[in-house]
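Please read the sequence and the structure below side by side. The text after them goes through some strand pairing and some charged side-chain contacts.

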Amino acid sequence: MRTDESRPHPAGPVFEFDAGALGLIALHPLVPAADVDLVHRWVTQDRARFWGMTGLSRAEVLDAYRYVDSLPTHHAFLARRRGVPVGLVQTYEPAEDPMGDYYEVRRGDIGFHLFSGPPAGDPERGFTSALLAAVVAFVSRDPAVRRVVAEPDARNAKVLDLLRRNGFDLGPELRMADKTARLAVLDLGADQR
């Protein structure tokens, strides 16, 4: 029997990443009206406190993702594996985002946010790294992308360690309007493309 979460997604995948033994990870455009119940359930859990939406109602989460969906510079995706949602990904152009006010944006920068959904069973070793690798592979398909940037909450030690272990350089803390973040940059120089 299929659960509501494992139903076919209304938007086909825009990218697929072979994560080896962990399987194929597919990124589907987030469809706010179709995905709001799942996303609201995820982002309002205590484990999502660094995502910044724990106090939002279903309607507020829907409004937030409808807004993201209306922007040509920001995109949201649902990551699925074996038909089951496993993560939420957002990409953005830093020059067109408040993030651009807090660091020196370079041509070719692309920013992202990544939320790994709660595991259905025991956490799988290496899965979050595979999800991150899928995001990096997705955004770096564009030859104009030279750097991948992120700004996780400076208190989120797990994510900072994940980024560092996966090749990101950790930069300074950024005192943003809604949080103190830590700049993380992955340089995709010509020798790495």
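What follows starts with a hairpin and then turns to salt bridges.

The model is predicted. In a regular strand, side chains alternate between the two faces of the sheet. Strand β1, residues 15–18, shows such an alternation. Phe15 and Phe17 point to one face and are buried, while Glu16 and Asp18 point to the other face and are not buried.

Which strand is joined to β1 by four bridges? The partner is β2, residues 24–29, and the two run antiparallel. Within this pairing, Asp18 stands opposite Leu24 of β2. Together β1 and β2 make a hairpin, with five residues lying between them. One residue of the turn, Gly20, has a positive phi of about 65°.

The next topic is charge. Side chains of opposite charge can pair when their charged atoms come close. How many salt bridges does a search of the whole structure find? The search finds nine.

One of them joins the side chains of Asp46 and Arg49, at 3.7 Å from N to O. Asp46 counts as exposed because its relative accessibility is 57%, and the cut-off for exposed is over 50%. Arg49, at 46%, falls between the limits of 20% and 50% and therefore counts as partly exposed.

Another salt bridge brings together the side chains of Arg81 and Glu124, with an N to O distance of 2.3 Å. This pair links distant parts of the chain, since its members are 43 residues apart. Arg81 belongs to strand β3 (residues 74–81), and Glu124 sits in the loop between β5 (109–116) and α3 (127–139). Is Arg81 buried or exposed? Arg81 has a relative accessible area of 9%, so with the cut-off at under 20% this residue is buried. Glu124, by contrast, has 37% relative accessibility and so counts as partly exposed.

A further contact ties strand β6 to strand β5. Here the side chains of Arg147 and Asp109 meet in a salt bridge of 2.8 Å, N to O. Arg147 lies in β6 (residues 147–150) and Asp109 in β5, 38 residues apart, and the pair again links distant parts of the chain. Both Arg147 and Asp109 are buried.

Salt bridges can also share partners, as they do at Asp161, Arg164 and Arg165. These residues are joined into one network.

Conventions
Residues numbered from 1 in each chain as written. Predicted model: local features only at pLDDT ≥ 70, side-chain atom pairs only at ≥ 80, totals over all residues. Heavy atoms only, no water. Buried < 20%, exposed > 50% of the residue type's maximum accessible area, 1.4 Å probe, protein only. Pairing = 2+ DSSP bridges. Salt bridge = Lys/Arg side-chain N within 4 Å of Asp/Glu carboxyl O.
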